[in-house]
Amino acid sequence: MASVRKWLLAGLLVLVPLIITLWVLEWVVSTLDQTLRILPAAWQPDQLFGFHIPGLGVIFALVVVLSIGALASNIIGNQLVNWWHALLHRIPVVRSIYSGVKQISDTLFSEKGNAFRKAVLVQWPHTGMWTIGFQTGAPGGEVLQHLHAQTTDEGLPDAFLSVFVPTTPNPTGGYFVMVRQSDCVELQMSVDEALTYIVSMGVIVPGGPKNPALKTAEASAHH
């Protein structure tokens with residue numbers, strides 16, 4: 001029975017990541033294939049070739065994104081984009097939604113953005129309990145006026161940092177907190193390594209294949 005359990009776990013470790021990866025890829029491809037529906041019926045590949053070719057939507061979506069990016073990069077396209085932004089900002093309900101989404105997208109995808117550029121260690125949800133967060137910037141405006149400035153032991157200004165604390169194992173949800181810089185420990189690991197550490201719930205340690213403590217526990221269990 002011990003051998004059967006070992007083989008079962010080994011098989012799951014091989015198959016589960018592969019199945020989940022294929023499922024995600026299939027979902028992405030099938031979703032992007034729906035973009036072909038914006039083409040006239042006579043131009044859709046299913047009508048032209050008489051059968052469905054998976055993945056054409058990915059190529060089509062990539063061509064559309066590249067074309068829009070190339071258009072927005074020149075002077076005329078930039079003027080059209082600015083006109084489009086101004087038009088959307090005049091619509092009451094759309095204005096608030098579009099402005100918030102655009103600010104987030106500009107921060108995440110802009111080369112000058114600061115979102116998720118640095119992994120930090122913060123005490124959360126209370127003192128003595130640590131977790132990994134991502135620095136997204138620094139507080140400003142009215143919020144900064146209500147944050148009382150202090151100095152460190154060296155007499156230097158102790159600024160606040162905006163930190164996103166993701167949940168595990170789904171890092172798309174989380175909490176936005178403002179923490180003093182002196183209370184944050186900057187990590188040398190990359191953002192990708194930190195995300196892997198969070199998603200794996202600490203099993204996959206950056207710089208090593210697996211958590212040493214977990215390996216020791218598994219070895220003891222086998223004995």
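**Close-up views of a predicted model**

**Figure 1. Pairing of strands β1 and β7.** Strand β7 (residues 185–186) runs antiparallel to β1, and two bridges join them. Within this pairing, V120 has E186 in β7 as its bridge partner. The coordinates shown here and in the other views belong to a predicted model.

**Figure 2. The hairpin of β1 and β2.** Six bridges connect strand β1 (residues 118–123) with strand β2 (residues 130–137), and the pairing is antiparallel. Q123 is matched with W130, its bridge partner in β2. Six residues lie between the two strands of the hairpin, and in this hairpin G128 adopts a positive phi near 95°.

**Figure 3. The open sheet and its edges.** The sheet is open and consists of five strands with antiparallel pairing, arranged in the order β6-β5-β2-β1-β7. Strands β6 (174–180) and β7 occupy the edges; each has a single partner strand, so one side of each lacks a neighbour in the sheet. Strand β2 is joined to strand β5 (residues 160–166) by three bridges, and these two strands run antiparallel. At this junction, Q135 is placed opposite V163 in β5. Strands of a sheet pair through backbone hydrogen bonds, in either a parallel or an antiparallel sense.

**Figure 4. Helix α3 and its two sides.** Helix α3 (residues 56–73) contains 18 residues, for which a rise of 1.5 Å a residue predicts a span of 26 Å; the C-alpha atoms at its ends are 26 Å apart, in agreement with that value. G57, F60 and A61 are the buried residues of α3. These residues cover an arc of only 100° around the axis, which places them on the same side of α3. The other side of α3 bears the exposed residues I59, L62, L66 and S73. An α-helix has 3.6 residues a turn, so residues three or four places apart point the same way.

**Figure 5. The surroundings of G57.** G57 is a residue of helix α3. Its relative accessible area is 0%, so G57 is classed as buried. Along the chain G57 and R37 are 20 residues apart, and their C-alpha atoms are separated by 9.3 Å.

**Figure 6. Helix α4 and its buried face.** The 14 residues of helix α4 (residues 75–88) should span 20 Å at 1.5 Å a residue, and the end C-alpha atoms, 20 Å apart, agree with this expectation. The buried residues of α4 are G77, H85 and L88. Viewed down the axis of α4, the buried residues fall within an arc of 80° and therefore line one face of the helix. Exposed residues I75, I76, Q79 and W83 are carried on the face of α4 turned away from its buried side.

**Figure 7. The position of N82.** N82 is located in helix α4. With a relative accessibility of 38%, N82 counts as partly exposed. The C-alpha atoms of N82 and A72 are 9.5 Å apart in space, whereas the two residues are 10 residues apart in sequence.

**Figure 8. The second largest pocket.** This pocket contains about 210 Å³ of space. Its lining is formed by L9, L12, L13, V16, P17 and I20. By residue class, the lining of the second largest pocket comprises six nonpolar residues, no polar residues and no charged residues. Rolling a probe the size of a water molecule over the atoms shows where empty space is left.

Definitions and conventions. Residues numbered from 1 in each chain as written. Predicted model: local features only at pLDDT ≥ 70, side-chain atom pairs only at ≥ 80, totals over all residues. Heavy atoms only, no water. Pairing = 2+ DSSP bridges. Helix = DSSP H or I, 4+ residues; strand = E, 2+ residues; numbered from the N terminus. Expected span 1.5 Å × (residues − 1). Buried < 20%, exposed > 50% of the residue type's maximum accessible area, 1.4 Å probe, protein only. Arc of directions from axis to C-beta. 1 Å grid on protein atoms, 1.4 Å probe; cavity = no way out; pocket = protein on both sides within 12 Å on 5 of 7 lines; lining within 4 Å. Points joined across faces, edges and corners; volume = space filled by probe spheres on them. Nonpolar A, V, L, I, M, F, W, Y, C, P; charged D, E, K, R; others polar.
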